[in-house]
There are 2 protein chains.
Amino acid sequence: MRAAMEAIDTAFQGVPGAFGEEATIGFRGEGATRLACKRFDDVFTAVVAGRAHYGVVPIENTLVGSVHETYDALASRDVRIVGERVLRITHALIAAPGVKLADVRRVHSHPVALAQCEGLFRDHPELEPVAPFNTAGAVREVIASGARDAAAIASKRAATLYGGEVLIDGVEDHAANFTRFILLARDPTPLEADAAPRKTSLLFGLEHKPGALAGVLGAFAQRGIDLVKIESRPIAGKPFEYLFYVDVRGDASISPLRETLHDVAQRTSALRVLGSYASATP
Amino acid sequence: MRAAMEAIDTAFQGVPGAFGEEATIGFRGEGATRLACKRFDDVFTAVVAGRAHYGVVPIENTLVGSVHETYDALASRDVRIVGERVLRITHALIAAPGVKLADVRRVHSHPVALAQCEGLFRDHPELEPVAPFNTAGAVREVIASGARDAAAIASKRAATLYGGEVLIDGVEDHAANFTRFILLARDPTPLEADAAPRKTSLLFGLEHKPGALAGVLGAFAQRGIDLVKIESRPIAGKPFEYLFYVDVRGDASISPLRETLHDVAQRTSALRVLGSYASATP
């Protein structure tokens, strides 16, 4: 799939059949070249190093919550967010042809996918979760290993791709299971030239004094700018201090958000605009 | 360890040798009876059902961030937070006596512990992480299995307890690695009658309108009440809506926090005071 001497279009985490690949196809189409990366961090590296024009990583799941590794990499890597997509996630329990559910003892999948299927492990206490780095890769390995006591959790698409059989379909805890993926690039220019409502992702630190976060959020509220999401992450080496990630409605280069960011910069340390892009969430 | 027909003093997650047990001893002393639970959720169940007077669960690590399962269980279970302790975490890579690092292929530990040691897996790409539900239990199983290609990540205390040998000490990514544990009880009465500075943990929902969160945080800021931590978690079945967990300085029954909570109740839905307790963080 990799064109010699030329950058790949998009890097994603996982192997063919992964949800990240499905999101990548949604962003860039079936025809764009793809680079399958082992870890989220490798996707960032591929984009930063120019091996791929774009990168696709999950940032949030509506059952499990924020993907910490993605948030942390956004802080440490010089990339921009240029788009987002929301993917409906349904998981299947998959094993080699002929394997019966009663024989399965180990269930392999990405930790986030395992966390989305806690009910399965509650209902089947004999199952031990095993956490490799991806879902479709777990299917590939379980099938290749010939194990009769192992299964994997992944998309039905992965079962088809690797010749697995679906033991249980829809093993996720809740049907309203969506993952939001972001599209990364070195170049901040967003993909879309259309009139879709825009969202802006920001990253900042705060002085530890009463009212510091209230002041920042108040600056947005005063101008009627809607807060979509707030996330805080620990700062390594500074126990119990946090970095804040805030998504707001609007484009950083357009009023009123543009003016508000001048105000917010005075109230924060190291404010970064991670990107303004077409919003895919309500 | 379990006294017949009588409630255990404290339930914790993991097996003997777990960091949760160390926190439990810190809270309740060596002499208090302890119940080792397989999952965080089992600790909550033991407290709610009255099988244990107290429960101990981790809520935050200074490298990895918030423990989502604990936050989610606080929302769904009828328990109070009555104390907190901060534990310094150092991890060792442990294997059966005689096993060499070069022979190790699989490394077993709790997902949170694995996430705290990402550098180890970057430096040793031949190692595959495997994620059972606890650290000390991983040591016990790796030693008991007799595997010569497996190791576990846990405390040196666990190595001693189960006869393992330390291959590498201090495999965590950063020395400033602390986990904050909370003490749960059905009874909201805090443990300490002393004059330690107090902290209050709150849980609430918000109407989705611009400025809703800014209004709540502004209510605290106006009265000079310091925000210690904010966490948002998804609401299952309501994609891209969130519950907010806020820790503030002060006691919910004492002015000025008491009055402020009347104001906050007007601005939020389903406000719950999870507990006021002696603070262990700066």
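Here are some questions and answers about this predicted model, with its salt bridges and one helix of chain A as the main topics.

User: Happy to start with confidence: what ipTM does the predictor give the complex?
Analyst: Since this is a predicted model, the confidence scores are a good place to begin. The mean pLDDT of chain A is 90, and 96% of its residues reach 70 or more. For the complex, the predictor gives a pTM of 0.86 and an ipTM of 0.84.

User: How many salt bridges does a search of the whole structure find?
Analyst: The search runs over all chains. One of the pairs in chain B is Asp41(B) with Arg77(B). The total found is 32.

User: Is Arg34(B), which forms a salt bridge with Glu30(B), buried or exposed?
Analyst: The closest N and O atoms of Arg34(B) and Glu30(B) are 3.7 Å apart. Glu30(B) has 58% relative accessibility and so counts as exposed. Arg34(B) has a relative accessibility of 11%, and under 20% is the cut-off for its class, so Arg34(B) is buried.

User: How many residues apart are Asp41(B) and Arg77(B)?
Analyst: These two form a salt bridge, with 3.3 Å between the closest N and O atoms. The pair links distant parts of the chain: Asp41(B) sits in helix 2 of chain B, while Arg77(B) sits in the loop between helix 3 and strand 5, and their separation is 36 residues.

User: Which residue forms a salt bridge with Arg198(B)?
Analyst: Arg198(B) lies in strand 12 of chain B, and its partner lies 53 residues apart in the loop between strand 14 and helix 9. Arg198(B) is buried at 14% relative accessible area, and the partner is buried at 12%. The closest N and O atoms are 2.8 Å apart, and the partner is Asp251(B).

User: Which residues of chain A are linked with Arg180(A) in a network of salt bridges?
Analyst: This network includes a second basic residue, Lys199(A). Its acidic members are Glu60(A), Glu84(A) and Asp247(A). Linked with Arg180(A), then, are Lys199(A), Glu60(A), Glu84(A) and Asp247(A).

User: Which helices of chain A do the buried residues of helix 6 pack against?
Analyst: Helix 6 covers residues 135–145, and its buried residues include Val139(A), Val142(A) and Ile143(A). In an α-helix, residues three or four places apart point the same way, because there are 3.6 residues a turn. The buried residues of helix 6 pack against strands 6, 7 and 9 of chain A, and also against helix 1, helix 4 and helix 7.

User: Which residue just after helix 6 of chain A takes a positive phi?
Analyst: Helix 6 of chain A spans residues 135–145. Just after it, a phi of about 75° belongs to Gly146(A).

How values were computed
Residues numbered from 1 in each chain as written. Chains lettered and ligands numbered in written order. Predicted model: local features only at pLDDT ≥ 70, side-chain atom pairs only at ≥ 80, totals over all residues. Heavy atoms only, no water. Salt bridge = Lys/Arg side-chain N within 4 Å of Asp/Glu carboxyl O. Buried < 20%, exposed > 50% of the residue type's maximum accessible area, 1.4 Å probe, protein only. Helix = DSSP H or I, 4+ residues; strand = E, 2+ residues; numbered from the N terminus. pLDDT = per-residue confidence, 0-100. Contact = heavy atoms within 4.5 Å.
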